[in-house]
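Here are my notes for a colleague opening this entry for the first time. Please keep the sequence and the model side by side while reading the numbered points.

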Amino acid sequence: MSEIGLRERKKRRMYRTVSDIAVRLFLERGFDAVSVAEVAAAAEISKPTLFRYFPAKEDLVLYRIADHEGEPARVAAEGPTPVEALRRHFLDGLQRCDPVTGLNDDPEVLAFHTLLYGTPALVARLYAYLERSEEALAGALGGGLDARLAAGQIIAVRRILAQENWRRIAAGERIEDVRDDAVAAAGRAFGVLAETLPRLQN
């Protein structure tokens, strides 16, 4: 068991190390200007080894948010209703300045989001991650068309709220000046979800 744990820790460390090296290179020179071969060389691994960990170049960047893929499905199960649980979770994230909410002014976080949202290939790949989040959330909501429709709305609300917060922070606004608007916007958005998805229960 400890051997399995050690292998898993080494694997995760490899993911993190290679992703960090790739993101650093992309931030320095631009996503399109850096080849996968250059990332592999900088990480001192072969290109085939890199592709065993990261099937696509875009995954080198999106690895940083991969852990959040199943988060909505997990949070929705906490109750008292899925929408209320997700509302509380998002508001708590705003309070903590969680990068996922967009309300974060750390220079590295801002640079990462600028790279992500400013690179068409990464935005396109991001939607694949969001689709998997939707699928997992729909499953947590019971499956079927109604659950898929609800999951799509919820994931879209989270994404749009976060992007609006990031946009304002990236434009130079202070967190203190954005936070109240961000909390109010989240309250309105999740309020609309609660009204339009009244039958949604755990």
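1. The largest pocket of this predicted model holds about 570 Å³ of space. Of the 26 residues that line the largest pocket, those closest to its centre are Ile-65, His-68, Val-100, His-113 and Tyr-117. At least two lining residues come from each of the helices H4, H7, H8 and H9, and H7 gives the most, with six residues. By character, the lining of the largest pocket divides into 14 nonpolar, five polar and seven charged residues.

2. Before the details, a word on confidence is in order. The protein chain has an average pLDDT of 92, and 96% of the residues score at least 70. Among the elements of the chain, helix H1 (residues 2-29) has the lowest mean pLDDT, 88, whereas H2 has the highest, 97. As a general caution, predicted coordinates should not be read in detail where pLDDT is low.

3. Helix H7, the element that gives the most residues to the lining of the largest pocket, also contains Phe-112. Is Phe-112 buried or exposed? Phe-112 counts as buried because its relative accessibility is 7%, which falls under the 20% cut-off. Leaving aside residues up to four places away in sequence, Phe-112 touches Val-23, Leu-27, Val-61, Arg-64 and Ile-65. One of these partners, Val-61, is 51 residues from Phe-112 along the chain, and the C-alpha atoms of the two are separated by 8.6 Å.

4. Helix H8 covers residues 120-140, and its 21 residues reach 30 Å from the first C-alpha to the last, close to the 30 Å expected at 1.5 Å a residue. The buried residues of H8 are Leu-122, Leu-126, Tyr-129, Leu-130, Ser-133, Leu-137 and Ala-138. In reading such a list, it helps to recall that an α-helix has 3.6 residues a turn, so residues three or four places apart point the same way. The buried residues of H8 pack against helix H4 (59-66) and against H5, H7 and H9. H8 is followed by Gly-142, which has a positive phi near 110 degrees.

5. Helix H9, one of the helices that the buried residues of H8 pack against, runs over residues 144-170. Its 27 residues reach 39 Å between the first and last C-alpha, close to the 39 Å expected at 1.5 Å a residue. Just after H9, Gly-172 takes a positive phi of about 110 degrees.

6. Two residues of H9 deserve a closer look. Asn-165, which lies in H9, counts as buried because its relative accessibility is 5%. Not counting residues up to four places away in sequence, the contacts of Asn-165 are with Leu-94, Thr-101, Gly-102, Leu-103, Val-178 and Ala-182. Gln-163 is also found in H9, but at 25% relative accessibility Gln-163 counts as partly exposed. Gln-163 and Gly-102 are 61 residues apart in sequence, while their C-alpha atoms are 6.1 Å apart in space.

7. Helix H6 agrees with its expected length, because its 15 residues should span 21 Å at 1.5 Å a residue and its end C-alpha atoms are 21 Å apart. The buried residues of H6 are Pro-82, Val-83, Glu-84, Ala-85, Leu-86, Phe-90, Gly-93 and Leu-94. The elements covering these buried residues of H6 include H5, H9 and helix H10 (175-196).

8. Finally, some backbone geometry should be checked by eye. Most residues other than glycine have a negative phi, and most peptide bonds are trans. Where does Cys-97, with its positive phi near 55 degrees, lie? Cys-97 follows just after H6, in the loop between H6 and helix H7 (107-117), and counts as buried because its relative accessibility is 17%. Glu-44 has a positive phi near 60 degrees and lies in the loop between helix H2 (36-43) and helix H3 (47-53). Unlike the buried Cys-97, Glu-44 counts as exposed, because its relative accessibility is 73%. A cis peptide bond, with omega of about 5 degrees, joins Gly-79 and Pro-80, and Pro-80 is found in the loop between helix H5 (71-76) and helix H6 (82-96).

Terms used. Residues are numbered from 1 along each chain as its sequence is written. This is a predicted model: local features need pLDDT of at least 70, side-chain atom pairs count only at pLDDT 80 or more; totals for chains, interfaces and linings use all residues. Side-chain values use heavy atoms; hydrogens and water are left out. Helices (H or I, at least four residues) and strands (E, at least two) are DSSP runs, numbered from the N terminus. The expected span of a helix is 1.5 Å times one less than its number of residues. Buried means under 20% relative accessible area, exposed over 50%, partly exposed in between (1.4 Å probe, protein chains only). Contact means heavy atoms within 4.5 Å. On a 1 Å grid over the protein atoms alone, a cavity is a set of points where a 1.4 Å probe fits but cannot get out, and a pocket is an open set with protein on both sides within 12 Å along at least five of seven lines; lining residues have an atom within 4 Å of a point. Grid points are joined across faces, edges and corners, and a volume is the space filled by probe spheres set on the points. Ala, Val, Leu, Ile, Met, Phe, Trp, Tyr, Cys and Pro count as nonpolar, Asp, Glu, Lys and Arg as charged, and the others, Gly among them, as polar. pLDDT is the predictor's confidence in each residue, from 0 to 100.
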